[in-house]
Amino acid sequence: MVDFFRRRPNSVVVMGNHERKHVRGIFSYAQEITRLQLGDRYTEMVDWMRTLPYHFENEHVRVVHAAMVPGVPPAEQKHEILCGSTSGERQLAALFPDGHWYDHYTDPKPVVFGHHVTGRQPMIRDQRIFGLDTGACHGWNLTALCVPGFTIHSVKAHADHWTITKRRWQLPVLKTRPWRDHTWPELAEAVARFSTSPDPATREWLETVANWAAELRASLPALAAAAHRLAGDLTADELRHHPAARYLFQARNGRLDQASLARRCTTPARTLDLSAALGLTLPDLPP
C-alpha cells in the first residue's frame with residue numbers, strides 16, 4: 001500500500017497512529033510485522049513516513065487520520081489527536097466524556113477521517129462528517145469518498161487480512177524477541193502467553209525455547225563446580241585478570257554455590273557469558 005501511494009501522482013498520505021509508531025520507534029505487533037516485511041527497505045520507508053503531514057485540507061474537505069478538536073484549525077491541532085495515538089485518544093475521552101468529538105463538529109467544511117471502524121457501512125452525517133473506516137483489514141469493506149461530488153464507493157475485502165497476517169507472521173516476530181535478555185520469569189511468562197497459538201510450528205518452537213531455558217538453569221551446578229576448579233588452579237594474579245574473576249574469588253573464599261550463582265545468572269545471556277568465561281559450552285538459542 002505504501003508503494004502504491006508513493007508511486008501514484010498527486011497522492012497525499014496523512015500521518016496515522018501506525019506511521020507515528022514507526023517514526024517514534026514504538027513497536028507494537030503490527031509494527032514488528034511491518035519491519036520484517038520491509039527488511040532492508042525499512043529505514044528508508046520510515047524516513048519517508050517522517051515527511052507525512054498530520055492533516056490535509058483543500059477547498060472541499062478536511063482530512064485527518066483519526067480525529068480533531070472542533071473549533072480548532074487543523075494546523076493548531078495536537079498531532080497525537082489528529083493521528084489517533086494512545087495519548088490522543090485519552091485526551092479526546094477527557095474532552096468529550098459523554099460522546100464523540102464529531103458530535104460537536106459544527107464547521108461548514110466537511111471533515112473526513114478513518115481510524116475507528118464504523119461498521120460495514122461508513123458513518124455519514126449531514127454531508128459534513130464522513131467516517132470511512134469500514135473494516136477492510138478485518139474482512140469487511142474498503143470505502144472511499146470522491147469529491148467534489150461527495151459520492152461514496154465501497155468494495156468488499158477479499159479476506160480477514162489482519163487475522164491471516166498476524167498468524168502468518170507470529171513465529172517470525174517471536175524469533176526477533178530478545179529471549180536471551182529476558183529474566184527467567186519474563187521468559188516463562190512469554191512462552192506461556194504465546195503457547196496457545198493455533199500454529200503448530202509456533203508452539204513447537206516455543207517448547208524448544210522452554211527446554212533451552214530449562215537446560216541453562218540446570219547448568220548452574222556444573223558452572224559452580226567449574227569455578228571452584230579454576231579457583232584452585234589459578235594464582236591470585238591470574239584470578240584478577242580472568243573474565244570470571246568475581247565468581248572465581250567467591251569460589252576461592254567458599255562463598256560460591258548454586259544459590260549465589262542463581263542470584264547473578266538472572267538471564268540466559270548472563271548464564272551463557274559465564275559459561276564461556278569458564279570454558280564450558282552451553283547451547284545457544286535454537287534457530
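The exercises below, each with a worked solution, explore a predicted model of a protein structure.

**Exercise 1. Describe the aromatic pair formed by Phe27 and Tyr42, and say where its two members lie and how far each is covered.**

Step 1. The structure holds nine aromatic pairs, and one of them joins Phe27 and Tyr42, whose ring centres are 6.4 Å apart and whose planes meet at 45 degrees, which makes the pair tilted.

Step 2. This pair links distant parts of the chain, with Phe27 in the loop between helix 2 (17-24) and helix 3 (29-38) and Tyr42 in helix 4 (residues 42-49), 15 residues apart.

Step 3. The relative accessible area of Phe27 is 31%, so this residue is partly exposed, whereas Tyr42, at 10% relative accessibility, counts as buried, because the cut-off for buried is under 20%.

Step 4. Phe27 has a further partner in Arg35, which lies over the face of its ring at 3.8 Å from the ring centre.

**Exercise 2. Classify the pair of Trp101 and Phe113 by its geometry, and decide which parts of the chain the pair ties together.**

Step 1. The ring centres of Trp101 and Phe113 are 4.9 Å apart and their planes stand at 65 degrees; because planes over 60 degrees apart count as edge-to-face, the pair of Trp101 and Phe113 is edge-to-face.

Step 2. Trp101 belongs to the loop between helix 6 (86-95) and strand 3 (111-113), while Phe113 belongs to strand 3 itself, so the pair ties together parts that are 12 residues apart in sequence.

Step 3. Trp101 and Phe113 are both buried, and together with Tyr102 and Tyr105 they form one aromatic cluster.

**Exercise 3. Describe the second largest pocket by its volume and its lining.**

Step 1. The volume of the second largest pocket is about 250 Å³, and of the 13 residues that line this pocket, the closest to its centre are Glu89, His100, Trp101, Tyr102 and His116.

Step 2. Two of these names, Trp101 and Tyr102, have already appeared in the aromatic cluster of the previous exercise.

Step 3. Helix 6 gives the most to the lining of the second largest pocket, with three residues, and the lining as a whole divides into eight nonpolar residues, four polar and one charged.

**Exercise 4. Is helix 15 mostly covered or mostly uncovered, and against which helices do its buried residues pack?**

Step 1. Seven of the 10 residues of helix 15 (residues 268-277) are buried, and the helix is mostly covered; the buried residues are Pro268, Ala269, Thr271, Leu272, Leu274, Ser275 and Ala277.

Step 2. These buried residues pack against helix 9 (184-194), helix 10 (200-218), helix 11 (220-233), helix 13 (245-252) and helix 14 (258-264).

Step 3. Ala214 has its place in helix 10, and although Ala214 and Pro268 are 54 residues apart in sequence, their C-alpha atoms are 9.9 Å apart in space; Ala214 itself counts as partly exposed, at 45% relative accessibility.

Step 4. Helix 15 is followed by Gly279, which has a positive phi near 85 degrees.

**Exercise 5. Find which residues Gln170 and Trp162 touch, leaving aside residues up to four places away in sequence.**

Step 1. Gln170 lies in helix 8 (residues 170-175) and is buried, because its relative accessible area is 16%; it touches Tyr29, Phe194, Ser197 and Thr202.

Step 2. Trp162 is found in helix 7 (residues 161-168) and is partly exposed, because its relative accessible area is 27%; it is in contact with Tyr29, Ala30, Ile33, Cys137 and His138.

Step 3. Tyr29 therefore appears in both lists, as a contact of Gln170 and as a contact of Trp162.

Step 4. The C-alpha atom of Trp162 is also separated by 8.3 Å from that of Gly139, which is 23 residues away along the chain.

**Exercise 6. Locate the backbone features at Pro148, Phe150 and Asp126.**

Step 1. The peptide bond that runs from Val147 to Pro148 is cis, with omega near 15 degrees, and Pro148 is found in the loop between strand 6 (141-146) and strand 7 (151-156).

Step 2. Phe150 is found in the loop between strand 6 and strand 7, and has a positive phi of about 55 degrees although it is not a glycine.

Step 3. Asp126, in the loop between strand 4 (123-125) and strand 5 (129-131), also has a positive phi of about 55 degrees without being a glycine, and is exposed, with a relative accessible area of 64%.

Conventions:
Residues are numbered from 1 along each chain as its sequence is written. This is a predicted model: local features need pLDDT of at least 70, side-chain atom pairs count only at pLDDT 80 or more; totals for chains, interfaces and linings use all residues. Side-chain values use heavy atoms; hydrogens and water are left out. Rings of Phe, Tyr and Trp (its six-membered ring) pair if their centres lie within 6.5 Å; planes under 30 degrees apart count as stacked, over 60 as edge-to-face and the rest as tilted. Helices (H or I, at least four residues) and strands (E, at least two) are DSSP runs, numbered from the N terminus. Buried means under 20% relative accessible area, exposed over 50%, partly exposed in between (1.4 Å probe, protein chains only). A charge sits over a ring if NZ of Lys or CZ of Arg is within 6 Å of the ring centre and within 35 degrees of the ring normal. Contact means heavy atoms within 4.5 Å. On a 1 Å grid over the protein atoms alone, a cavity is a set of points where a 1.4 Å probe fits but cannot get out, and a pocket is an open set with protein on both sides within 12 Å along at least five of seven lines; lining residues have an atom within 4 Å of a point. Grid points are joined across faces, edges and corners, and a volume is the space filled by probe spheres set on the points. Ala, Val, Leu, Ile, Met, Phe, Trp, Tyr, Cys and Pro count as nonpolar, Asp, Glu, Lys and Arg as charged, and the others, Gly among them, as polar.
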